[in-house]
Amino acid sequence: MSPLFIINPISGKGNRQKFVAMLRERGLDYVLTSAAGEAEVIARETPRQTVVAVGGDGTLNEVARGLLGTGKTLGIIPCGSGDGLARFLGISRNPRKALEVVLSGKTLPLDAGMINSHPFFSVCGVGFDADVSKAYALSGRRTLLSYVLQTLRLWKNYSPQELSISIDSRQWTQKAMLVTVANSNQWGNNAVVAPHASCSDGILNVAILDPVSALQLPVLALKLLTGRCDTSSRVHCLSGKHIVIERKASGTAHYDGDWFDAPPTLDISIIPSALKVLVP
């Protein structure tokens, strides 16, 4: 049975009509979503054994959530604004090349993370990046420029949070700009926040950013974009299977590019080999 392609018609940028025409030429089936959460239901209920997410990290998360526990295989056609997991897996953002991976690629076990009952497959976290995710989403402009502008706007008056952090029962308290828990290695757009991450090792990687000054920011940004943030004295790269983050009050958190209002305590764990994913 051929794959089913679930297409988010509004994610990121790109001409969906051309991709739909490509699918029609090959006699492949697709469905266009029209509401949040619809992709998860379709992925879960379809009898197709391979289900392909066509969109950004949010669409991918919805489809992958629907596939958990079904034994089905996930395919990815990345066309979002960040595409963190696809970039990490080496899947081309060229739709034609990505389609060839779906049709002739190999399968790889894919771990799934859980943050307070929310599944994630790339990254989650709290702090500055979560607040940027919220501002970016509310801006209504899904572009890299918009993301950069929201980052600069929030940075001016941002205060680090005091967090209690536990990683596999190792506990401490510190002030941090952000804590990212990663299954893949990046936020998206090749901003590599967890250089040593693997999505198939049953381990979550944790990146903690100490308070930094505006003068240190350009160097840190360069290290992020070149995959060397672990060489910064302001970044602590750790790993574990069970992470608990506690803060003084509820606030914003994020997973796979989407923000949500979270309670003071965040409980994060890993489900090894939760899915199969098609890769080059």
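This passage describes a six-stranded sheet, a helix lying across it and two nonpolar cores in a predicted model. In this predicted model, local features require pLDDT of at least 70 and side-chain atom pairs pLDDT 80 or more, while totals for chains, interfaces and linings use all residues. Residues are numbered from 1 along each chain as its sequence is written, and side-chain values use heavy atoms, without hydrogens or water.

The six-stranded sheet is open and antiparallel, with strand order 12-11-10-7-14-15. Strands (E, at least two residues) and helices (H or I, at least four) are DSSP runs numbered from the N terminus. Pairing requires at least two DSSP bridges between two strands. Strand 12 (235–240) and strand 15 (258–262) are the edges; each has a single partner strand, so one side of each lacks a neighbour in the sheet. Neighbouring strands are turned by 20° on average, direction ignored. Axes are lines fitted to C-alpha atoms, for helices over the stretch in contact; angles run from 0 to 180 degrees between N-to-C directions.

Strand 14 (residues 251–255) pairs with strand 15 in the antiparallel sense over five bridges. Thr252 has Asp261 of strand 15 as its bridge partner. Helix 6 (residues 128–139) lies across strands 7 (123–127), 10 (178–182), 14 and 15, at about 100° to strand 7.

A nonpolar core joins buried Ala, Val, Leu, Ile, Met, Phe, Trp, Tyr and Cys residues through side-chain atoms within 4.5 Å. Buried means under 20% relative accessible area (1.4 Å probe, protein chains only). The largest core has 40 residues; Phe5, Val63, Leu74, Ile76 and Ile77 have the most contacts inside it. Strand 16 (residues 265–279) gives the largest share, five residues. A second, separate core has 22 residues, including Ala176 and Ile270.

Key: Contact = heavy atoms within 4.5 Å. Buried < 20%, exposed > 50% of the residue type's maximum accessible area, 1.4 Å probe, protein only.
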